[in-house]
Amino acid sequence: MAKQGYPRMAISACFGGPLFNLLLGIGIPFTIACISADGYIDIKYDIMNMILVGAVFASVLSTFIIIPIMKFHMNRAYGFYLIILYCVFLVVAVLVEIDVFG
């Protein structure tokens, strides 16, 4: 889509498709579980979940800020930024899993 002159549509598809799959893939099982468990599901919330949510939030928020500033044209610097962000996430997640932080 981007090569055909529709960069905004391509970026929307990159976020829209996985988001739709995520909403259905998590929404339908949790709805079924809520119905069968009388509306209550106990979700374990620990430091790893906070790291996962924080990494996704940082990535999406920075993408929503950076892409319009760059007029919907991606360059290598933005790609390197995302790779560095992912590497930082991986290092922090591994350190938490091997219990370095407590």
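These are my notebook entries on a pocket, two backbone angles, a surface patch and a pair of residues.

**Ground rules.** I am looking at a predicted model, where local features need pLDDT of at least 70 and side-chain atom pairs count only at pLDDT 80 or more, while totals for chains, interfaces and linings use all residues. Residues are numbered from 1 along each chain as its sequence is written, and side-chain values use heavy atoms, with hydrogens and water left out.

**The pocket.** I looked up the largest pocket first and noted a volume of about 880 Å³. Of its 26 lining residues, Cys14, Phe15, Val56, Ser59 and Val60 are the closest to the centre. A pocket here is an open set of points on a 1 Å grid over the protein atoms alone, where a 1.4 Å probe fits, with protein on both sides within 12 Å along at least five of seven lines; lining residues have an atom within 4 Å of a point. The volume is the space filled by probe spheres set on the points, which are joined across faces, edges and corners.

Which elements give two or more residues to this lining? I found α1 (7-36), α2 (47-69) and α3 (76-97), with the largest share, 9 residues, coming from α1. Helices are DSSP runs (H or I, at least four residues), numbered from the N terminus. By class, I noted 23 nonpolar, 3 polar and no charged residues in the lining. Nonpolar covers Ala, Val, Leu, Ile, Met, Phe, Trp, Tyr, Cys and Pro; charged covers Asp, Glu, Lys and Arg; the others, Gly among them, are polar.

**Two positive phi angles.** Phe72 is not a glycine, yet its phi is positive, about 60°. I located Phe72 in the loop between α2 and α3. Asp99, also not a glycine, has a positive phi of about 65° and sits in the segment after α3.

Is each one buried or exposed? Phe72 is partly exposed, at 21% relative accessible area, and Asp99 is exposed, at 51%. The cut-offs are under 20% for buried and over 50% for exposed, with partly exposed in between (1.4 Å probe, protein chains only).

**Leu22.** I found Leu22 in helix α1, partly exposed with a relative accessible area of 47%.

**Leu52 and Ala93.** My last stop was Leu52, in helix α2. Leu52 is partly exposed, at 37% relative accessibility. From Leu52 to Ala93 I noted 41 residues in sequence and 8.2 Å in space, C-alpha to C-alpha.
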